[in-house]
Amino acid sequence: MAARPNAETAAEAIVDALVEEGVEYVFGVTGDTVLPILDAIYHRENEIHYITARFETGATAMADGYSRVTGRIGCCLFHVGPSISNTVLGVWSAQKDAVPLLALSANLDTFRLNRNLWHEFDVMGVMGKVTKWSDQLVEAKDARRLMRTAFQAAKSGMPGPVHLDFPKDLLAQPVAVDSSDLSLRGGAHSLRLANAPRPEAWAVEEAAALLADAERPLILAGRGVKWAGASDRLRALAERLAIPVATTEMGRGAIPEDHALAGGIAGHFGHSTANALMREADLVLGLGSRFLNVNTINWQTIPADAKIVQVETDPIEIGRQYAVALGIHACSGAFLDDLLAWCEAQGIEADSTTREARQARVAELRADQDRRYYDTELDAVPIKPQRITRALEAVCDRDALFLIGAGLHTQFAHALPIRYPDQYQWAAGSGTMAWAFPAALGAKLARPGRQVVVPIGDGDFGMNAQEIETSVRENLPVIVVVYNDCSYGALRVFQENVYGGRQIGSDYGQTDLVKLAEAYGARGEKVERPDELEPALERSAASGVTSVIDVHIDGWENHYRSAEWAEFHKF
């Protein structure tokens, strides 16, 4: 087939597809195989921007954080071999949390593949295991179709990461050729898509009847509510039927946590209020929640005789964990629309006695939770992690974005009240370290006018602290609050409580985080006394540059739910 004169190259078609899809940023670490794509980006810098990261897992986390905050596709681009292999952790983290991420890789020339060359890596075999969909360009003319498929795969049904690989020699070849295959024509962007399946009417009516008949119903709101932009409808349903709402980590913020019916996060990393409400429930409505082990403490918290109504965009998730009384294949937003309309048409609404009783129960549980969480000496030295919560609440903007690290500090950072759907992000499904700080940079790009705060452990932060330089170079000021106990604290506590105090592998040497921050052009402060916390946060918020606050904490402070955590390890 003959190429058309002055035809667009595959590299240019890839970038054109990204622009048409509305992708604003591409995050990556460069290499010679990706240079044709980077050159195409260079010529369209007014439409799409390339962000150089310092390590591939950081670039992947930046794209992930951008996607979680916006609900749009995050994009990252990597060189062959060592580069793309370093993204596996980040892509898998996105897969576990159903984040629509587009990972692009550029490979060796096609005639060099499968010859055990320097840098050669089984990219298709590996990425196929950690993505929703993965493919490789075989002929340049197919670039637009593959990009179109990748976008749809990432966004539709249960969202997730997708991957495309481009052999380098194909990137310079034209995509426009004389061919009778009409599927090769047209752009890579579908103009209009309807990706939100509606529930069947009978199922909506049955769900309404089950909710109305239940004495102690509970809604477990997952990522399905947030990705559908249905937080307002969730709140309207909860208020109309006076149903308490717990959330998964991915659903957190779907209802403001200071709402009279909000129970907070359910499960192992959650709040005692949500877990108590779940243990008392006689019906649980799951909205894109998937009922995973982490949110049900290994499937222990929902009573055996409770009825379950499960709404999922991916039908294979229905009944996957629990036998359900009613399973509904639908978008959570469409389901809430139809359920609210039915309840209004039929006059289904909780009476005042029911409403007052259920709100009173939530208030009682939340008061007990707060009392137990803060039952410590808040003015003690070393600083108690609970004292950091108080300082963050006092100083940070009401709508600040919190990207929380993984580790011992996580349970304490989870006590921060979340009020908005995009306000809280955590690598919940994987518990990945080295994610939160670079993800915060993606979040800052997505919401430049919002304050971005990273509560993180010293072990987690040390794994990707080099991205401080990226934050300074790209003018992405975030506030990093390091809970520093100079150890992998969660493991050290495990060894103390389970292995007779035999410590090995959980401690390491102290790093001067102030000097580290300053070396990269950021600012740093060490905080050793509780009365220093709020002034340090205020200075950081006013600084206009990334700030690292090194808070030396009491790493042996017990969390109020410590006695319950052993249940998570029972089967």
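This briefing covers helix packing, salt bridges and unusual backbone geometry in one structure. The model is predicted. It holds 38 salt bridges. Two helix pairs are described below, H1 with H2 and H5 with H6. The backbone notes concern a cis peptide bond between Val-381 and Pro-382, and positive phi values at Ala-242 and Phe-291.

**Helix H1 against helix H2**

- Helix H1 spans residues 10-21 and helix H2 spans residues 35-42. Their axes come within 8 Å and cross at roughly 55 degrees.
- That angle makes H1 oblique to H2. The crossing of H1 past H2 is right-handed.
- H1 contributes Ala-11, Glu-12, Ile-14 and Val-15 to the contact. H2 contributes Pro-36, Ile-37, Ala-40 and Ile-41.
- By class, this contact of H1 with H2 has seven nonpolar residues, one charged residue and no polar ones.

**Helix H5 against helix H6**

- Helix H5 covers residues 88-96, and helix H6 covers residues 123-130. Their axes come within 8 Å, with a crossing angle of roughly 30 degrees.
- H5 and H6 are therefore roughly parallel to each other, because angles under 35 degrees count as such.
- On the H5 side, the contact residues are Val-88, Val-91, Trp-92 and Gln-95. They meet Val-126, Met-127, Lys-129 and Val-130 of H6.
- The contact of H5 with H6 divides into six nonpolar residues, one polar and one charged.

**Salt bridges between distant parts of the chain**

- Arg-144 and Glu-8 pair through their side chains, at 2.8 Å from N to O. Arg-144 sits in helix H7 (residues 143-155), while Glu-8 sits in the segment before H1. The two are 136 residues apart.
- Glu-8 is partly exposed, at 23% relative accessibility.
- Lys-155 forms a salt bridge with Glu-21, and their closest N and O atoms are 2.8 Å apart. This pair links helix H7, which holds Lys-155, to helix H1, which holds Glu-21. The separation in the chain is 134 residues.
- Lys-155 is partly exposed, with a relative accessible area of 31%. Its partner Glu-21 is buried, at 17%.
- Asp-32 and Lys-168 meet in a salt bridge at 3.5 Å, N to O. Asp-32 lies in the loop between strand E1 (25-29) and H2, and Lys-168 lies in helix H8 (residues 168-171), so the pair ties together parts 136 residues apart in sequence.
- Both ends of this bridge are partly exposed: Asp-32 has 40% relative accessibility, and Lys-168 has 29%.
- Arg-54, Glu-469, Arg-473 and Glu-474 are joined into one network by salt bridges that share partners.

**Backbone exceptions**

- Most residues other than glycine have a negative phi, and most peptide bonds are trans.
- Val-381 and Pro-382 are joined by a cis peptide bond, with omega about 0 degrees. Pro-382 is in the loop between helix H15 (352-373) and helix H16 (385-395).
- Ala-242 is not a glycine, yet has a positive phi of about 55 degrees. Its place is the loop between helix H11 (231-241) and strand E8 (245-247). Ala-242 is buried, with a relative accessible area of 0%.
- Phe-291 has a positive phi near 50 degrees. Phe-291 is in the loop between strand E10 (283-287) and helix H13 (293-296). With a relative accessible area of 1%, Phe-291 is buried.

Terms used:
Residues numbered from 1 in each chain as written. Predicted model: local features only at pLDDT ≥ 70, side-chain atom pairs only at ≥ 80, totals over all residues. Heavy atoms only, no water. Axes fitted to C-alpha atoms, helices over the stretch in contact; angles between N-to-C directions. Helix = DSSP H or I, 4+ residues; strand = E, 2+ residues; numbered from the N terminus. Parallel < 35°, antiparallel > 145°, perpendicular 65-115°, else oblique. Left-handed = near helix turned anticlockwise from the far one by under 90°. Contact = heavy atoms within 4.5 Å. Nonpolar A, V, L, I, M, F, W, Y, C, P; charged D, E, K, R; others polar. Salt bridge = Lys/Arg side-chain N within 4 Å of Asp/Glu carboxyl O. Buried < 20%, exposed > 50% of the residue type's maximum accessible area, 1.4 Å probe, protein only.
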